[in-house]
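Visitor: Could you take me through this model, one question at a time?
Guide: Gladly; here it is, and we can begin with the core.

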Amino acid sequence: PTLTKANNSGATAVAGQSVLYTLTAGNANGRPPAHDTVVVDCVPSGLTFGTWGVPTQGSVDAPVAGDGTNGCAATFTKLVWNLGTIAPNVTRTVTYTATVNPAAAGSVVYTNTATITASSLNNGVNDAALERVSNVTRTSNVTVQGASLTKTVADPTRTIGQLAPYT
């Protein structure tokens with residue numbers, strides 16, 4: 001299977017901003033069908049899940065807290081997109097929103113990781129003991145914009161001791 005993950009923040013966001021994530025799952029041309037395909041996306045604390053968009057294939061689960069044993073670390077939010085079978089040379093997408101914590105400090109980087117898993121048998125499970133299971137992981141970063149300061153002077157040419165107004 002293939003997976004891409006992108007966000008619309010332009011790599012930087014401000015505290016309180018809503019970020020739109022796009023997940024694109026696919027199966028390369030010439031490959032056999034990817035069965036029992038599922039994408040697990042771990043949204044880090046500091047980003048609050050908003051809403052799912054409508055997937056072009058499959059269904060999405062309600063978000064749950066990561067606990068370290070369910071595919072996402074504690075303090076993360078686990079999102080699941082169930083795709084079923086993806087035919088060769090096909091891509092499917094789903095979007096969701098997440099809001100940057102309003103109290104986020106500047107220059108903090110939130111790394112959001114998604115993994116697609118698919119298998120060779122259409123048996124309702126991804127069990128490496130029974131079939132070939134494939135995984136692909138992708139990340140998408142959002143950096144919280146830091147504070148900035150710009151200082152200008154209207155007339156930079158002055159004599160010694162002369163005052164200059166800055167803005």
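## Core, strands and two single residues

Guide: In this predicted model, V39 is in contact, once neighbours within four places in sequence are set aside, with L3, L23, A25, L79, V80, W81, L83, A114, T115 and I116.

Visitor: Which residues have the most contacts inside the largest nonpolar core?
Guide: The core in question holds 29 residues, and β3, β4, β5, β8, β9, β10 and β11 each supply at least two of them. Within this core, the residues with the most contacts are V39, Y96 and V100.

Visitor: Which strand provides the largest share of this core?
Guide: Several strands contribute at least two residues each, including β4 (34-43) and β9 (90-100). The largest share amounts to five residues, and the strand that provides it is β9.

Visitor: How many residues does the other core have, the one lying apart?
Guide: Apart from the largest nonpolar core lies another, whose members include V38, C42, C72 and V80. The number of residues in this other core is five.

Visitor: Which side chains of β1 point to the buried face?
Guide: In a regular strand the side chains alternate between the two faces of the sheet. Along β1, residues 2-7, T2, T4 and A6 point to one face and are not buried. The side chains that point to the other face, and are buried, are L3, K5 and N7.

Visitor: Which residue of β3 stands opposite N7?
Guide: Strand β1 pairs with β3, residues 18-27, in the antiparallel sense, over six bridges. In β3, the residue that stands opposite N7 is Y21.

Visitor: Is S119 buried or exposed?
Guide: S119 lies in strand β10, and its side chain makes a polar contact with the side chain of E131 at 3.2 Å, while also reaching the backbone oxygen of L121 at 3.4 Å. Beyond four places in sequence, S119 touches several residues, among them P33, H35, V125 and V133. Because its relative accessibility is 4%, and the cut-off is under 20%, S119 counts as buried.

Visitor: Is K151 buried or exposed?
Guide: K151 is found in the segment after β11, and, residues up to four places away in sequence not being counted, K151 touches Y166 and T167. Its relative accessibility is 61%, and the cut-off is over 50%, so K151 counts as exposed.

Visitor: What separation do the C-alpha atoms of K151 and Y166 have?
Guide: Along the chain, K151 and Y166 are 15 residues apart. The separation of their C-alpha atoms is 6.6 Å.

Notes. Residues numbered from 1 in each chain as written. Predicted model: local features only at pLDDT ≥ 70, side-chain atom pairs only at ≥ 80, totals over all residues. Heavy atoms only, no water. Buried < 20%, exposed > 50% of the residue type's maximum accessible area, 1.4 Å probe, protein only. Helix = DSSP H or I, 4+ residues; strand = E, 2+ residues; numbered from the N terminus. Pairing = 2+ DSSP bridges. Core = buried A, V, L, I, M, F, W, Y, C linked by side-chain atoms within 4.5 Å. Contact = heavy atoms within 4.5 Å. Polar contact = N/O pair within 3.5 Å; in protein donor to acceptor, adjacent residues only side chain to side chain.
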